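Student: Could we go through this one together, a question at a time?
Tutor: Sure, have a look at it and then fire away.

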Amino acid sequence: MAETITILGLESSCDDTAAAVVRLTDGRADILSSVVAGQTELHAAYGGVVPELAARAHAEKLDLCVEEALSGAGVALSDLDAVAVTAGPGLIGGVLSGVMCAKGIAAGAGLPLVAVNHLAGHALTPRLTDGLAFPYLMLLVSGGHCQFLLVNGPESFKRLGGTIDDAPGEAFDKVAKLLGLPQPGGPSVESEALRGDPRRFAFPRPLLDREGCDFSFSGLKTALLRARDALIAEKGGLTVQDRADLCAGFQAAVRDVLAEKSRRALAACNAPSFAVAGGVAANRSIRAALKDVAAETGAEFLAPPLALCTDNAAMIAWAGIERYRLGARNGMELSARPRWPLDTSGPALIGSGKKGAKA
Ligand code: KG4
Ligand code: ZN
């Protein structure tokens, strides 16, 4: 008999409310539906995600997203094997909204509940999209996360390094703000950088002088602020070329740091494949540099499609399937966790990003 598992996934740990249905049939994964309701406009005036507003919006939107995901997939609750939900890490109000919604559905429909770590959702995505075999190295680079994970199994992760302050996407967003460019900052800085000279400003490559695979991006952002202020003091303002050169210099510094640390992480773990996820992986210059690093070591390079690199519920449903197959079931006592490191053997990372606590 064919093994078929169909799971509804819910995601609400940051500023995206999402629901999706994923089905595994004899080893083949199909995303039957994936609905994402973003909150960018809701938080636009505040320069970051406001946790209370986010939580209320999740609570309002979750049931609508679930309805849309079920009807889009053409399945009823009775066709599901389980409900998977992000139970952390993230903004607590949002995670709570998702966990309560999932408990309600599970209790009402008599379905098992499976808790998923949001970072595991990202880390397992290359298995959903490409059936990637374990082990592999994952670099998660977004507005809220920055870490290397050696993925050995659905519940077996080793963190090889991470940021000790800002996440790179957060640094791109802050740089855009400092230069008066629109949010989200990553795409605006990238397009300015295309016309800029990356060598005009000698920005630092933080932590390259230190062993290991940890990152720091907040000093880089301060270096850009100083360079901007020096130009303004000298000439009274920035020219279009100044702005492009600042963006190009900043992007090159982030790229160089991510590439060199990836080289080290690959050498340390000797994994046959290297995958990236997170919004920053959309940056063409960074992506190309990471691909080159993988090629240097002979590792296969994988970058899931952008819609599955950024926050979504298909990755949660998929991670739910992986845990469900291992027999994982959670009860009604499941609680939401603002912090939930994937690798509990490693030292905790410090700092809290624009998009919540880093794990
Ligand atoms: O994964 P994501 O959609 O959301 C979370 O952070 O969870 O990532 C969003 C981040 C933002 O900080 C955005 O500025 C950054 O990814 N980003 C980029 C690019 N596109 C998005 N950063 C650099 N270059 C890009 N092209
Ligand atoms: Zn995420």
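What follows is a set of questions and answers on this predicted model.

Student: Let's start with the metal. Which residues are the protein donors of the zinc ion (ligand 2)?
Tutor: Look for atoms lying 2.1 to 2.2 Å from the zinc ion. Along the chain, the donors follow the spacing H-x3-H-x188-D. The atoms are NE2, NE2 and OD, and they belong to His118, His122 and Asp311.

Student: How many residues apart are His122 and Asp311?
Tutor: His122 sits in helix α4 (residues 118–130), while Asp311 is in the loop between α10 (306–309) and α11 (314–325). The pair therefore links distant parts of the chain, and the separation is 189 residues.

Student: Is Asp311 buried or exposed?
Tutor: The cut-off for buried is under 20% relative accessible area. His122, at 1%, is buried. Asp311 has 16% relative accessibility, so the label is buried.

Student: On to the nonpolar interior. Which element gives the largest share of the largest core?
Tutor: That core has 48 residues, and Leu139, Phe203, Phe217, Phe250 and Leu258 have the most contacts inside it. Several elements give two or more residues to this core, including β6 (136–141), α7 (218–235) and α8 (240–269). The largest share is 12 residues, and it comes from α8.

Student: And which residues is Leu258 in contact with, leaving aside neighbours within four places in sequence?
Tutor: Leu258 is among the residues with the most contacts inside the core. With the sequence neighbours set aside, the contacts of Leu258 are Leu139, Val141, Phe215, Phe217, Ile286 and Leu290.

Student: How many residues does the other core have?
Tutor: This one lies apart from the core of Leu258. Ala84, Ala275, Leu302 and Ala314 are among its members, and the count is 36 residues.

Student: What does Gly278 touch, not counting residues up to four places away in sequence?
Tutor: Gly278 is found in the loop between β9 and α9. With a relative accessible area of 1%, Gly278 is buried. The residues it touches are Leu140, Val141, Ser142 and Cys309.

Student: Now the charges. How many residues apart in sequence are the parts that Asp245 and Arg200 tie together?
Tutor: Asp245 and Arg200 form a salt bridge, with the closest N and O atoms 2.8 Å apart. Asp245 is buried at 4% relative accessible area, whereas Arg200 is partly exposed at 35%. Asp245 lies in helix α8 and Arg200 in the loop between α6 and α7, so the parts tied together are 45 residues apart.

Student: How far apart are the closest N and O atoms of Lys235 and Asp242?
Tutor: These two form a salt bridge, which needs a Lys or Arg side-chain nitrogen within 4 Å of a carboxyl oxygen. Lys235 is partly exposed at 43% relative accessibility, and Asp242 is buried at 2%. The closest N and O atoms are separated by 2.7 Å.

Student: Last one, on the surface. About how much accessible area do Ile92, Leu96 and Met100 have together?
Tutor: Leu96 lies in helix α3 (residues 92–109). Leu96 counts as partly exposed because its relative accessibility is 40%. With Ile92 and Met100, Leu96 forms a nonpolar patch on the surface, and together they have about 270 Å².

Conventions. Residues numbered from 1 in each chain as written. Chains lettered and ligands numbered in written order. Predicted model: local features only at pLDDT ≥ 70, side-chain atom pairs only at ≥ 80, totals over all residues. Heavy atoms only, no water. Patch = residues over 30% accessible without salt bridge, like charges linked within 9 Å, V, L, I, M, F, W, Y side chains within 5 Å. Areas by Shrake-Rupley, 256 points an atom, 1.4 Å probe, with all protein chains shown as cover. Helix = DSSP H or I, 4+ residues; strand = E, 2+ residues; numbered from the N terminus. Buried < 20%, exposed > 50% of the residue type's maximum accessible area, 1.4 Å probe, protein only. Donors = N, O, S within 2.8 Å, 3.2 Å for Na, K, Ca; no water. Core = buried A, V, L, I, M, F, W, Y, C linked by side-chain atoms within 4.5 Å. Contact = heavy atoms within 4.5 Å.
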